[in-house]
Amino acid sequence: MGKEEKKEAKEKIILGIDPGTNIMGYGLILITGKNHSLLQYGVIHLKKYSTHELKLKKIFERITGLIDEFHPDSVALEAPFYGENVQSMLKLGRSQGVAMAAALAREIPIAEYSPKKVKQSVTGNGNASKIQVAEMLKTLLKIEEIPKLLDATDALAVALCHHFHDGRLQTRGRTAGWKSFLEENPGRVKGL
C-alpha cells in the first residue's frame, strides 16, 4: 500500500520497537480513524551474531526492511531503562540508536516512550508485568495466541502507546511534538 492510498483512506501505520541486544521486538499496527488493528509482529534474533557490530548491522538491515515493506508513518521506540550495568546500557542505547537511524534514514518521524508510560497507556498500570501487557494486547488487537517471546508484544505495546498519545513525542516525562520542536529550534531545520 503506497502513501497516497493510505492518505486517501486516512490510515496510518505505526512501527513499534522494543530495543534489545539479544532479541529486538517489533510490531506494526494499522490505524484507521480511531480503530487499530494488527499488521505484523515478531522478533529479531541477535544472539547468533558474534560481535556487537554485527548485531547493529543486522538491526539496521531488518528495521530498514520492515520500513521498506510496510511504509510506516511513524516509528515509536521504548526508551532504555536505567540499570546498574553500564556496559549493557551502552549496548542497548546503541541498538536503539541504530533502529532510530534506520527510521530517520527513510525520513520517518520517531518517538520515544518510557517503559512505565507504555504499560500505563496499554493496561492502565505503569507497573504491569510483561504478561499483563501481552494479555491486554491479546484483547485489544485480537491476537490469537501470546507469543513465547514477549519482546514482540512489548513492541506492539509501544506502537499502541504512540497511537493513544496521537503521535505526541514523549521523552523522559516531557510532552512535545515535532511542531513544538520546529518552533523552538528554527535554526536547526534546513530547506523549509
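Which residue of β3 does Met 24 stand opposite? In this predicted model, the partner is Ile 44, and the pairing is a handy way into the fold as a whole. Residues are numbered from 1 along each chain as its sequence is written. Because the model is predicted, local features need pLDDT of at least 70 and side-chain atom pairs count only at pLDDT 80 or more, whereas totals for chains, interfaces and linings use all residues; side-chain values use heavy atoms, with hydrogens and water left out.

The chain holds seven helices and seven strands, where helices (H or I, at least four residues) and strands (E, at least two) are DSSP runs numbered from the N terminus. Read from the N terminus, the order of elements is α-β-β-β-α-β-α-β-α-α-α-β-β-α. Of the 192 residues, 43% count as buried; here buried means under 20% relative accessible area, exposed means over 50%, and partly exposed lies in between (1.4 Å probe, protein chains only). About 10,900 Å² of the chain is exposed, and carbon and sulfur atoms supply 53% of that area. These areas come from the Shrake-Rupley method with a 1.4 Å probe, and for residues only the protein chains shown count as cover. Taking contacts (heavy atoms within 4.5 Å) between residues at least 6 apart in sequence, 61% join residues at least 24 apart.

Back to the strands around Met 24. Strands β1 and β2 pair in the antiparallel sense over eight bridges, a pair being two strands between which DSSP finds at least two bridges. Four residues make up the hairpin connection from β1 to β2, and Leu 15 stands opposite Leu 28 in β2. On to the next strand: β2 is joined to β3 (residues 35-45) by ten bridges, again running antiparallel. The β2-β3 hairpin has two residues between its strands, and Gly 33 in the turn has a positive phi of about 65°. Eight of the ten residues of β2 are buried, so this strand is largely enclosed by the rest of the structure.

Helix α2 (residues 52-70) comes next. Its 19 residues reach 27 Å from the first C-alpha to the last, close to the 27 Å expected at 1.5 Å a residue; the expected span is 1.5 Å times one less than the number of residues. His 52, Lys 55, Leu 56, Ile 59, Ile 63, Thr 64, Leu 66, Ile 67 and Phe 70 are buried in α2. Seen down the helix axis, these buried residues fall within an arc of 160°, so they line one face of α2, the arc being that of the directions from the axis to the C-beta atoms. Glu 53 and Glu 69, on the other side of α2, are exposed. Thr 64 has a relative accessible area of 9% and so counts as buried; leaving aside neighbours within four places in sequence, Thr 64 is in contact with Ala 102 and Arg 106.

The buried side chains bring the cores into view. A nonpolar core is a set of buried Ala, Val, Leu, Ile, Met, Phe, Trp, Tyr and Cys residues joined through side-chain atoms within 4.5 Å. The largest has 24 residues, of which Leu 15, Ile 17, Met 24, Ile 59, Ile 63, Val 75 and Leu 77 touch the most other members. Two or more residues each come from β1 (11-18), β2 (23-32), α2, β4 (74-78) and α3 (86-105). The greatest share is that of α2, with six residues. A second, separate core of 19 residues includes Ile 14, Ala 111, Val 122 and Leu 141.

Two loop residues deserve a friendly glance at their backbone angles. Most residues other than glycine have a negative phi. His 71, in the loop between α2 and β4, has a positive phi near 50° and is partly exposed, with a relative accessible area of 32%. Lys 142 likewise has a positive phi, of about 55°, although it is not a glycine. Lys 142 lies in the loop between α5 (130-140) and α6 (151-164) and counts as exposed at 68% relative accessibility. In α5 itself, the buried residues are Val 133, Ala 134 and Leu 137. Their directions fall within an arc of 100° seen down the axis, so they line one face of α5. What covers them includes α4 (115-123) and α6.
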